[in-house]
Amino acid sequence: MKVTFERVIPNEKSSFRLIHNNSPISEFKWEYHYHPEIELVCVLSGSGTRHVGYHKSNYTNGDLVLIGSNIPHSGFGLNSIDPHEEIVLQFKEEILQFPQQEVEAISIKNLLELSKFGIHFHQNIHKMMMPKLKLMLESEGYKRYLLLLEILFELSKCEDYELLNKEIMPYTIISKNKTRLENIFTYVENNYDKEINIDEVAKLANLTLPAFCNFFKKATQITFTEFVNRYRINKACLLMAQDKTISECSYSCGFNNVTYFNRMFKKYTEKTPSEFIKNFSHKKVNVDLSLENEVKINVGF
């Protein structure tokens, strides 16, 4: 559960990096990390968790997301199951050289500015981009570079997208409070299935209870209790996707009262547990656990 800096090395004889991940997910570390390169992630099919900046939600039937420079994010194989296959492009903005008077150059610059919020493209765009991304795997040299430009041009003209964050998360937020936050999140990760004593967490952070509450609210924009509930609901969604019953999910995720679990589930997913199970069985669910006031730091889960 580390928040790490990733050093990105371009492919041989190339100005950017192209990755084709199709190995078993157990062979990869889907950790929270950042790098100065802009990243385009295309999950060809399957489900998992997208965690970009402050935003965290689940996806099904593949995904296509553009992530800006130095925005912390997890690998999209997080919480997925085999088979998992994805194509990833990592490139620095300076490799994109255009005459300033070119209209296309302006649209791409606007796209890259928006990428700082994390851009999730809708399924129709995902489907449209897949052939070109697959073609990149068979290309090299200037042909691969031209495909990168073509993909960015087309994405810059798209309107079927949503921004994953309401504000930009600088990686310095993570690095400044890294150790303390990692300790807190690790504790929740290891104890979410049982009663969590906030006094113990405050001691773990080496803070008094009032100081801990102030620190956590300032760092994440929500209370610690809200954070724990959201984390538990996210775990419950994953269990339901594995055909666990509502009662099993409730007690396995630290809720001692099924009625309260149902209420919290509806609050965070806008669906009842029964609706979630029904929709997931028909592959229609796309659960977004972001709140009206989104969790601001949610490292590496």
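**Exercise 1. Find which residues L239 touches beyond its sequence neighbours, and place it in the fold.**

Start with the contacts, meaning heavy atoms within 4.5 Å. Not counting residues up to four places away in sequence, L239 touches K244, C249, S252 and C253. Next, check one of those partners through the backbone: the C-alpha atoms of L239 and S252 are separated by 8.9 Å, with their positions 13 residues apart along the chain. Finally, locate the residue: L239 sits in helix α8. Helices (H or I, at least four residues) and strands (E, at least two) are DSSP runs, numbered from the N terminus.

A word on the ground rules: this is a predicted model, where local features need pLDDT of at least 70 and side-chain atom pairs count only at pLDDT 80 or more, while totals for chains, interfaces and linings use all residues. Residues are numbered from 1 along each chain as its sequence is written, and side-chain values use heavy atoms, with hydrogens and water left out.

**Exercise 2. Decide whether M240 is buried or exposed, and list its contacts.**

Look at accessibility to begin with. Buried means under 20% relative accessible area, exposed over 50%, and partly exposed in between (1.4 Å probe, protein chains only). M240 comes out at 4% relative accessibility, so it counts as buried. Like L239, M240 lies in helix α8. Now for the partners: leaving aside neighbours within four places in sequence, M240 is in contact with I246, C249, F261, F265, P273, F276 and I277. Take F276 from that list: M240 and F276 are 36 residues apart in sequence, yet their C-alpha atoms are 8.2 Å apart in space.

**Exercise 3. Work out which residues and elements build the largest nonpolar core.**

First, the term: a nonpolar core is a set of buried Ala, Val, Leu, Ile, Met, Phe, Trp, Tyr and Cys residues joined through side-chain atoms within 4.5 Å. The largest one holds 31 residues, and I184, F212, F224, I233, F261 and F265 touch the most other members. Then map it onto the elements: α5 (178–191), α6 (198–204), α7 (209–220), α8 (224–240) and α10 (258–269) each give two or more residues. Helix α8 supplies the largest share, eight residues. Zoom in on F261: outside its neighbours within four places in sequence, F261 is in contact with I233, A236, M240, I246, C249, S250, F255 and P273. There's also a second, separate core of 30 residues, which includes L66, I108, L148 and L149.

**Exercise 4. Classify the ring pairs F185–F216 and F265–F276, and say which elements they tie together.**

Rings of Phe, Tyr and Trp (its six-membered ring) pair if their centres lie within 6.5 Å; planes under 30 degrees apart count as stacked, over 60 as edge-to-face and the rest as tilted. By this rule the count is 13 aromatic pairs.

- Step one: the ring centres of F185 and F216 are 6.4 Å apart and the planes stand at 80 degrees, so the pair is edge-to-face.
- Step two: F185 is in helix α5 and F216 in helix α7, so the pair ties together parts 31 residues apart in sequence. Both F185 and F216 are buried.
- Step three: F265 and F276 are edge-to-face too, at 5.7 Å centre to centre and 80 degrees between the planes.
- Step four: F265 is in helix α10 and F276 in helix α11 (residues 273–281), so this pair ties together parts eleven residues apart in sequence. Both F265 and F276 are buried.

To finish, widen the view: F185, F212, F216, F224 and F227 form one aromatic cluster.

**Exercise 5. Find where the unusual backbone angles sit.**

Keep the background in mind: most residues other than glycine have a negative phi, and most peptide bonds are trans. Take the peptide bond from D82 to P83, which is cis, with omega near -5 degrees; P83 is in the loop between β7 (63–67) and β8. Next, K13 has a positive phi, near 60 degrees, and lies in the loop between β1 and β2. K13 is exposed, with a relative accessible area of 76%. Then there's N206, also with phi near 60 degrees, in the loop between α6 and α7. At 66% relative accessibility, N206 counts as exposed.
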